[in-house]
Amino acid sequence: MNNDKIKRFENADETFRCPICRSYLKLKEKSLKCENNHSFDIAKQGYINLLMNSKKQKLYDKSSFENRRLILENGFYDHILKEILLFLNNNSINKVLDIGCGEGFYSNKISQLSSRALEIFAFDIAKDSIVLATKEDSDRSVKWFVSDLADLPIQNSSIDCILDIFSPANYNEFNRILKDDGFLLKIVPGENHLKEIRARVKDKLNKEDYSNKDVINCFEESFKIIDHKKVSASYKLSTEERHALIHMTPLLFNIDMEKIDWNDMSSITIDAEMLIGKKLVP
Ligand SMILES: [Zn+2]
């Protein structure tokens with residue numbers, strides 16, 4: 001196996017813990033091992049599967065991935081990426097954990113563009129997504145792993161910044177793994193997110209308007225909000241981009257697309273809010 005695919009896990013014992021017995025995991029040859037000899041091999045693509053109860057994942061959907069990649073690579077979420085980079089560059093942060101990283105768009109971009117030397121950890125519960133993420137990681141710097149959000153194989157008080165980008169939260173685990181002076185950065189959709197799509201299907205949706213109030217209230221029960229800002233932009237859509245966008249949007253998964261005329265949808269709003277939280281009781 002390519003040596004640098006393993007090398008990135010050199011300092012594993014500073015951050016990872018065994019998902020079985022919770023003692024430190026140390027790099028030994030091509031595996032991470034704990035003192036009780038639980039062993040986890042580094043896959044040839046350069047990630048580790050630390051998921052204990054492997055649930056059957058729904059089949060990986062290639063066209064959905066390609067649509068998502070087109071939209072991300074064409075820059076529709078770059079204003080969000082820019083805000084995240086700005087925050088990471090301007091604070092004293094070293095270890096970053098990307099929660100539910102999917103195909104790794106943000107972690108890969110952050111590792112390429114950050115002006116700081118960050119140590120980036122990123123996981124998803126879907127192994128297929130992590131395999132795709134490793135393919136884009138040309139400088140082989142991100143520590144990719146497969147895990148469950150409910151029981152993270154990460155040591156207590158070891159992370160400087162958690163990135164929770166359009167992903168579910170587990171505030172107990174976030175509190176446990178975050179350093180006392182660490183940050184939780186959460187990105188949630190804003191009320192105008194995809195408003196051009198919503199306007200065209202409003203009579204077919206259960207709830208016409210989206211509200212992130214419940215999500216923000218829940219955040220505030222566990223973390224103190226020190227910053228809260230709107231991160232919004234509208235973009236022109238090409239025909240190809242419009243097609244990709246409407247076929248990757250979960251909002252539309254149960255809607256009969258044939259009956260809607262999308263041809264006059266020429267722009268799209270990507271509206272989000274960035275919450276920065278600190279621990280309540282450090
Ligand atoms: Zn163990």
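The legends below describe an overall view and several close-up views of a predicted model.

**Figure 1. Overall view of the chain, with 9 helices and 11 strands.**
The radius of gyration is 20 Å, close to the 19 Å that the globule rule gives for 282 residues, so the chain is as compact as a globular protein of that length. The C-alpha trace spans about 60 × 40 × 35 Å along its principal axes. Buried residues make up 33% of the 282 residues of the chain. Among contacts with a separation of 6 or more, 65% come from residues 24 or more positions apart.

**Figure 2. Close-up of the open sheet formed by 3 strands in the order E1-E2-E3.**
The pairing in this sheet is antiparallel. Strand E1 (26-28) and strand E3 (39-41) stand at the edges and have a single partner strand each, so one side of each is left without a neighbour in the sheet. From one strand to the next, the twist averages 30 degrees. Strands of a sheet pair through backbone hydrogen bonds, in either a parallel or an antiparallel arrangement.

**Figure 3. Close-up of the pairing between strand E1 and strand E2 (residues 31-33).**
The two strands run antiparallel and are joined by 3 bridges. Within this pair, leucine 27 stands opposite leucine 32, the latter in E2.

**Figure 4. Close-up of helix H5 (residues 127-136) and its buried residues.**
Ser129, Ile130 and Ala133 are the buried residues of the helix. Seen down the axis of H5, the buried residues fall within an arc of 95 degrees, so they line one face of the helix. An α-helix has 3.6 residues a turn, so residues three or four places apart point the same way. The elements covering the buried residues of H5 include helix H4 (105-113) and three strands: E4 (47-49), E6 (119-124) and E7 (143-146).

**Figure 5. Close-up of glycine 190, in the loop between strand E9 (178-189) and helix H7 (195-201).**
Glycine 190 has 20 other C-beta atoms within 10 Å. The residue counts as buried because the cut-off is 20 or more such atoms. With neighbours within four places in sequence left aside, glycine 190 is in contact with Asn212, Lys230, Ser232, Asp271, Ala272 and Glu273.

**Figure 6. Close-up of glycine 190 and tyrosine 210, which lie 20 residues apart in sequence.**
In space, the C-alpha to C-alpha distance between glycine 190 and tyrosine 210 is 7.8 Å. The loop that holds glycine 190 runs between strand E9 and helix H7.

Methods:
Residues are numbered from 1 along each chain as its sequence is written. This is a predicted model: local features need pLDDT of at least 70, side-chain atom pairs count only at pLDDT 80 or more; totals for chains, interfaces and linings use all residues. Helices (H or I, at least four residues) and strands (E, at least two) are DSSP runs, numbered from the N terminus. The radius of gyration is taken over C-alpha atoms; the globule rule is 2.2 Å times the number of residues to the power 0.38. A residue is buried if 20 or more other C-beta atoms lie within 10 Å of its own, exposed if 12 or fewer, and partly exposed in between; C-beta atoms are placed from the backbone. Two residues are in contact if their C-beta atoms, placed from the backbone, lie within 7 Å. Two strands pair if DSSP finds at least two bridges between them. Axes are lines fitted to C-alpha atoms, for helices over the stretch in contact, and angles run from 0 to 180 degrees between N-to-C directions. The arc is that of the directions from the helix axis to the C-beta atoms.
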